[in-house]
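The following paragraphs go through the structure shown here, from a ring pair to the core and then to the overall fold.

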Amino acid sequence: MHWLWVLIVGLVVGLIAKAIMPGKDPGGFIITAILGIVGSILSTFIGEKLGLWGETGLVHFLGSIAGAIVLLLIYHFFKRNSASS
């Protein structure tokens, strides 16, 4: 059940990360949602393994947003570099 919530929160986190990131997203809504879910999963895994936060809480949610933003930045970097080549 915990990972189901990670997926649901990841979708919300992807939307929040898209709202925070400036400029136009090259991938659209679906890519942003997927990156939000993956960012949430990675943030959950890394944060819990390092003992930074528990399974729930505001810090966990903010960590998920940060993970999604980092993945969006990486995606933007590679998408722009491949478009300019």
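One aromatic pair is present in this predicted model. Its members are Phe 77 and Phe 78, whose ring centres are 5.4 Å apart. Their planes meet at 75 degrees, and an angle over 60 counts as edge-to-face, so this pair is edge-to-face. Both values are needed, because a pair of aromatic rings is described by the distance of the centres and the angle of the planes. Phe 78 has a relative accessible area of 54%; the cut-off for exposed is over 50%, so Phe 78 is exposed.

The largest nonpolar core is made of nine residues. They are Val 13, Ala 17, Met 21, Leu 35, Ile 65, Ala 68, Ile 69, Leu 71 and Leu 72. Two elements, helix H1 (2-20) and helix H3 (58-84), each give two or more residues to this core. H3 gives the most, with five residues. Leu 71, one of the core residues, can be followed further through its contacts. Leaving aside residues up to four places away in sequence, Leu 71 touches Leu 35, Val 38, Gly 39 and Leu 42. Of these partners, Leu 35 is also listed in the core.

The protein as a whole has three helices and zero strands, and along the sequence the pattern reads α-α-α. Among contacts with a separation of 6 or more, 68% join residues 24 or more positions apart. The protein has 85 residues, of which 31% count as buried. About 5,300 Å² is exposed, and carbon and sulfur atoms supply 76% of that area.

Conventions:
Residues are numbered from 1 along each chain as its sequence is written. This is a predicted model: local features need pLDDT of at least 70, side-chain atom pairs count only at pLDDT 80 or more; totals for chains, interfaces and linings use all residues. Side-chain values use heavy atoms; hydrogens and water are left out. Helices (H or I, at least four residues) and strands (E, at least two) are DSSP runs, numbered from the N terminus. Buried means under 20% relative accessible area, exposed over 50%, partly exposed in between (1.4 Å probe, protein chains only). Contact means heavy atoms within 4.5 Å. Accessible areas come from the Shrake-Rupley method with a 1.4 Å probe; for residues, only the protein chains shown count as cover. Rings of Phe, Tyr and Trp (its six-membered ring) pair if their centres lie within 6.5 Å; planes under 30 degrees apart count as stacked, over 60 as edge-to-face and the rest as tilted. A nonpolar core is a set of buried Ala, Val, Leu, Ile, Met, Phe, Trp, Tyr and Cys residues joined through side-chain atoms within 4.5 Å.
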